[in-house]
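Dear colleague,

Here is the structure I promised to send you, with its sequence. Please look through it first, and then read the notes underneath.

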Amino acid sequence: MLDMTPKEVKERTALNINPCKACQPVGAMYAALGVNNCMPHSHGSQGCASYHRMLLSRHFKEIALASSSSFTEGASVFGGRSNVTTAVKNIFEMYNPEIIAIHSTCLSETIGDDLYSYIAEIAIPEGKQVVYSSTPSYVGSHIYGFFNMMLGFMNCLTQKTGTPNGKTAIFPGWVNPADIRELKRLTKLMNVPATFFPDQSGVMDTPMTGHYKMYPDGGTTVAEIKGLGDSEGLIALGEIVSTEPAELLRKKWKVPFTMLPLPVGIDFTDQFIMALRNQSKMEVPSEIETERGQLVDLLIDSHQYTYKKKVAIFGDPDVVLGLTSLALEMSMIPKYVISGTPKEAFADSVRALFEKYNVADQCTVKAGTDLFKLHQWIKNEPVDLLIGSSYGKQIARAEDIPFVRAGFPVIDRYAGTILPIVGYAGGIRMAERIVNTLLDRFDRDVKDEDFELVL
Ligand code: SF4
């Protein structure tokens, strides 16, 4: 007979097993792909650049354009100055971007390459730009790389002319292109002129036209990034990914910001709509009210199937916080909530949600942990549903748990990046997937004699 006694789950500090994160340059590359006419450049070995591009391509099912300093043994010992100098020259000559966004890697950071001084000595062609960010992969996660690359763009490019540009800056954080399209749609409906930075819509979700464009039409333009300092205000989404860029804009150019959670679910989307309302001073249009009402209606109608269902949620902190809020709105118990990104602010925000919904004594949250730990917890006390990236499929299979894929990366399913999870429309989509996944499991497990009764 199987021994079902709960086993002690030991704390580990020196080892990650089945990480719930990727390395910083992946995030830096994704942030740079959200800039128009930009070539992301990886200052390290070709192998690193290949891995980062491959992970992004597998998730987005699109080409992740990037170049590499192509370190070999010589550069690894003597430094990559000549590699990056030659690379910048070649990239502008051969691929003609408007801007090159360079990020470092484990190797270049470990040998102490001083990219600032290298770039300062490179002759940059007239009208072109080179920006740089430090993204050591052994610190943080891909989320750190994302905001560090944003800081790199902002440090090098932003200005203040003294004449406000009449726009609200919006930092959408690490989300899929479909989410940015949805945020833009809501922003337009609320009549708020805005600059989204970065903006991967129109870059990592391009339609098939039969014509290849090395630099697709989407992305924040260099002129728009320069103009961020003249913004009337900033709405920063996702506390973990957007706080440092928002602080930089405030400190550097005195642009005030409103920090909000990623608008997943009813409450967090309400906060986003109210922030837009504060900017535009207009009433919320009936189109948005209808979508909200439909989401509320769906949650009430399906409540009997989600009530008290235990769910484990894992992935990137801001997305996980939003999904946890939605799960609680669906009367579920977010039994285990984890992120691989080591930011305690995430755990504090999730705990505040637990307190608000009075479930703190039933739920556990942990930042900076891995999927092995989550699996150990689930073995001790199972859950009814798992929500997270494709890396959870082994747990779902081993423990026979229904699984809803969301977050990054989702490499073994399609269309996730062209369908949103943010806003009321995104909430409807996520609620539909959660409820119907639970119902599929119910249909699978129900006894033959009861099967007719459930129709
Ligand atoms: S962790 Fe370091 S060595 Fe590995 S792919 Fe990322 S940058 Fe390269």
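The notes below go through the domains, the strands, some individual residues and the ligand in turn.

Please keep in mind throughout that this is a predicted model.

Domains

The chain is divided into domain 1 (24-157), domain 2, which is made of the two segments 168-205 and 215-280, and domain 3 (286-448). The centres of domain 2 and domain 3, taken over C-alpha atoms, are separated by 24 Å, and the contact takes 27 residues from domain 2 and 33 residues from domain 3. On the side of domain 2 that touches domain 3, helix 8 (177-189), helix 10 (239-253) and helix 11 (266-280) each supply at least two residues, and helix 8 gives the most, with 7 residues. Sorted by class, that side of domain 2 has 17 nonpolar, 5 polar and 5 charged residues.

Strands 5 to 8

Strand 5 (residues 168-171) is covered on both faces, with Thr168 and Ile170 buried on one side and Ala169 and Phe171 buried on the other. Strand 5 pairs with strand 6 in the parallel sense over 3 bridges, and the bridge partner of Ile170 in strand 6 is Phe196. Between these two strands the chain passes through helix 8, in a β-α-β crossover that is right-handed. Strand 5 also pairs with strand 7 in the parallel sense, here over 4 bridges, and Thr168 stands opposite Gly233 in strand 7.

Strand 7 (residues 233-237) runs parallel to strand 8 (residues 257-260), and 4 bridges join them; within this pair, Leu237 stands opposite Leu260. The path from strand 7 to strand 8 leads through helix 10, and this β-α-β crossover is again right-handed.

Helix 8 holds Leu183, which is buried, with 28 other C-beta atoms within 10 Å. Leaving aside residues up to four places away in sequence, Leu183 touches Ile170, Pro172, Val422 and Gly423, and Ile170 is one of the buried residues of strand 5. The C-alpha atoms of Leu183 and Ser50, which are 133 residues apart along the chain, are separated by 31 Å.

Strands 9, 12 and 13

Strand 12 (residues 385-388) is covered on both faces too, since Leu385 and Ile387 on one side and Leu386 and Gly388 on the other are all buried. Strand 9 (residues 310-315) pairs with strand 12 in the parallel sense over 3 bridges, and Val311 stands opposite Leu385. Strand 12 pairs with strand 13 (residues 403-405), likewise in the parallel sense and over 3 bridges, and the bridge partner of Ile387 in strand 13 is Val404. The chain goes from strand 12 to strand 13 by way of helix 16 (residues 393-399), and this β-α-β crossover is right-handed.

Backbone details to check

Two peptide bonds in the model deserve a look. The bond from Phe197 to Pro198 is cis, with omega near -10 degrees, and Pro198 has its place in the loop between strand 6 (194-196) and helix 9 (222-226). A cis peptide bond also joins Phe408 and Pro409, with omega of about -5 degrees, and Pro409 is in the loop between strand 13 and helix 17 (423-445).

Positive phi values are found in two residues that are not glycine. Asn191 has a phi near 60 degrees and lies in the loop between helix 8 and strand 6, where Asn191 counts as partly exposed because it has 13 other C-beta atoms within 10 Å, and a residue must have 12 or fewer to count as exposed. Asp400 has a phi of about 55 degrees and is found in the loop between helix 16 and strand 13; with 9 C-beta neighbours inside 10 Å, Asp400 counts as exposed.

The ligand

Which residues are around the ligand? They are Cys23, Pro25, Gly44, Cys48, Tyr51, Thr105, Cys106 and Ser137. By class, the shell around the ligand divides into 5 nonpolar and 3 polar residues, with no charged ones.

With best wishes

How values were computed:
Residues are numbered from 1 along each chain as its sequence is written. This is a predicted model: local features need pLDDT of at least 70, side-chain atom pairs count only at pLDDT 80 or more; totals for chains, interfaces and linings use all residues. A residue is buried if 20 or more other C-beta atoms lie within 10 Å of its own, exposed if 12 or fewer, and partly exposed in between; C-beta atoms are placed from the backbone. Two strands pair if DSSP finds at least two bridges between them. A crossover is right-handed if, with the strands pointing away from the viewer, the path from the first strand over the helix to the second runs clockwise. Domain bounds come from an automatic or database domain assignment. Two residues are in contact if their C-beta atoms, placed from the backbone, lie within 7 Å. Ala, Val, Leu, Ile, Met, Phe, Trp, Tyr, Cys and Pro count as nonpolar, Asp, Glu, Lys and Arg as charged, and the others, Gly among them, as polar. A residue is near a molecule or strand if its C-beta atom, placed from the backbone, lies within 6 Å of it.
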